[in-house]
Amino acid sequence: VNVLRTIPALTSSINQTVNSINDKLNEDTETFILQATTNLDNVSNTFFPSGVGTLKDNDFPNLFSPNGDGKSDVFKISGIVDSYPNFKISIYNRQGNEVFKYSNNGNTNPIWWDGTYNGKPVATGVYFYTLEYNDGVTKPKTNFIQLIR
């Protein structure tokens with residue numbers, strides 16, 4: 001998608017929101033090379049300006065497998081701490097019983113759900129969560145997560 005953006009002279013960086021299409025993977029922040037082209041007659045650049053762009057992940061996983069293989073062993077929402085350091089999350093089973101509750105309170109290394117309740121593995125299946133951003137603006141998000149082993 002081409003985005004027309006006016007960049008003031010002597011500007012060394014800009015922020016531009018870019019929407020991804022069909023990106024459902026929960027992944028870490030990624031970088032990419034950004035190259036700007038000019039199509040104006042009155043621009044005197046003799047080269048194509050370029051730089052490094054950053055894609056901040058904002059996807060929410062819908063599946064995790066706490067089986068000890070080191071892959072998706074916890075229900076983790078990547079990148080949330082950077083924007084919402086005081087988030088809270090509650091996870092419920094299909095009967096509506098809370099199986100996990102966590103308040104981050106600015107911690108840089110959150111505790112994520114490992115698929116247990118009172119130290120014992122919960123049953124495989126669908127669980128529901130409520131994520132409170134606690135920024136005074138963003139409405140809570142309610143969604144589901146499937147646990148497989």
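A residue counts as buried when its relative accessible area is under 20%. By this criterion W113, at 1% relative accessibility, is buried, and its surroundings serve as the point of entry to the structure, which is a predicted model.

The chain contains one helix and nine strands. Read from the N terminus, these elements follow the order β-β-β-α-β-β-β-β-β-β. Of the 149 residues, 21% count as buried. The chain exposes about 11100 Å², of which carbon and sulfur atoms supply 49%. Among contacts between residues at least 6 apart in sequence, 48% join residues at least 24 apart.

Nonpolar residues were examined next. In soluble globular proteins, nonpolar side chains tend to be buried together. In the present model the largest nonpolar core comprises 20 residues, and F75, I89, I91 and W113 are the members that touch the most others. Two or more residues of this core come from each of α1 (80-83), β4, β5 (98-103), β8 (125-132) and β9 (141-147). Beyond its neighbours within four places in sequence, W113 is in contact with F64, D73, V74, F75, I91, V99, F100, V122, Y127 and L147. The core member I91 thus appears among the contacts of W113.

Aromatic rings provide a further set of links. Eight aromatic pairs are present in the structure. One of them joins F64 and W113 in a tilted arrangement, with 5.4 Å from centre to centre and 50 degrees between the planes. Because F64 belongs to strand β3 (residues 63-64) and W113 to the loop between β5 and β6 (116-117), this pair ties together parts that lie 49 residues apart in sequence. F64 is buried as well, since its relative accessibility is 2%. W113 also pairs with F100: the ring centres are 6.5 Å apart and the planes meet at 35 degrees, so this pair is likewise classed as tilted. F100 is located in strand β5, whereas W113 is in the loop between β5 and β6, and the pair therefore connects parts separated by 13 residues in sequence. With a relative accessibility of 14%, F100 counts as buried. Ring pairs link F64, F75, F100, W113, Y127 and Y129 into a cluster.

Strand β4 (residues 88-92) includes I91, which counts as buried because its relative accessibility is 0%. When residues up to four places away in sequence are set aside, I91 touches F75, N97, E98, V99, F100, W113, Y127, F128 and Y129. Several members of the aromatic cluster, including F75, F100, W113, Y127 and Y129, are therefore found in the list of residues touched by I91, a residue that is itself buried at 0% relative accessibility. The C-alpha atoms of I91 and T130 are 6.6 Å apart in space, although 39 residues separate the two in sequence.

The adjoining residue S90 also lies in strand β4. At 8% relative accessibility, S90 counts as buried. A polar contact of 3.5 Å joins the side chain of S90 to that of E98. Leaving out neighbours within four places in sequence, the residues in contact with S90 are E98, F100, K101, F128, Y129 and T130. E98 thus occurs among the contacts of S90 and among those of I91.

Note on methods:
Residues are numbered from 1 along each chain as its sequence is written. This is a predicted model: local features need pLDDT of at least 70, side-chain atom pairs count only at pLDDT 80 or more; totals for chains, interfaces and linings use all residues. Side-chain values use heavy atoms; hydrogens and water are left out. Helices (H or I, at least four residues) and strands (E, at least two) are DSSP runs, numbered from the N terminus. Buried means under 20% relative accessible area, exposed over 50%, partly exposed in between (1.4 Å probe, protein chains only). Contact means heavy atoms within 4.5 Å. A polar contact is a pair of N or O atoms within 3.5 Å; within protein, one must be able to donate a hydrogen and the other to accept it, and residues adjacent in sequence count only if both atoms are side-chain atoms. A nonpolar core is a set of buried Ala, Val, Leu, Ile, Met, Phe, Trp, Tyr and Cys residues joined through side-chain atoms within 4.5 Å. Rings of Phe, Tyr and Trp (its six-membered ring) pair if their centres lie within 6.5 Å; planes under 30 degrees apart count as stacked, over 60 as edge-to-face and the rest as tilted. Accessible areas come from the Shrake-Rupley method with a 1.4 Å probe; for residues, only the protein chains shown count as cover.
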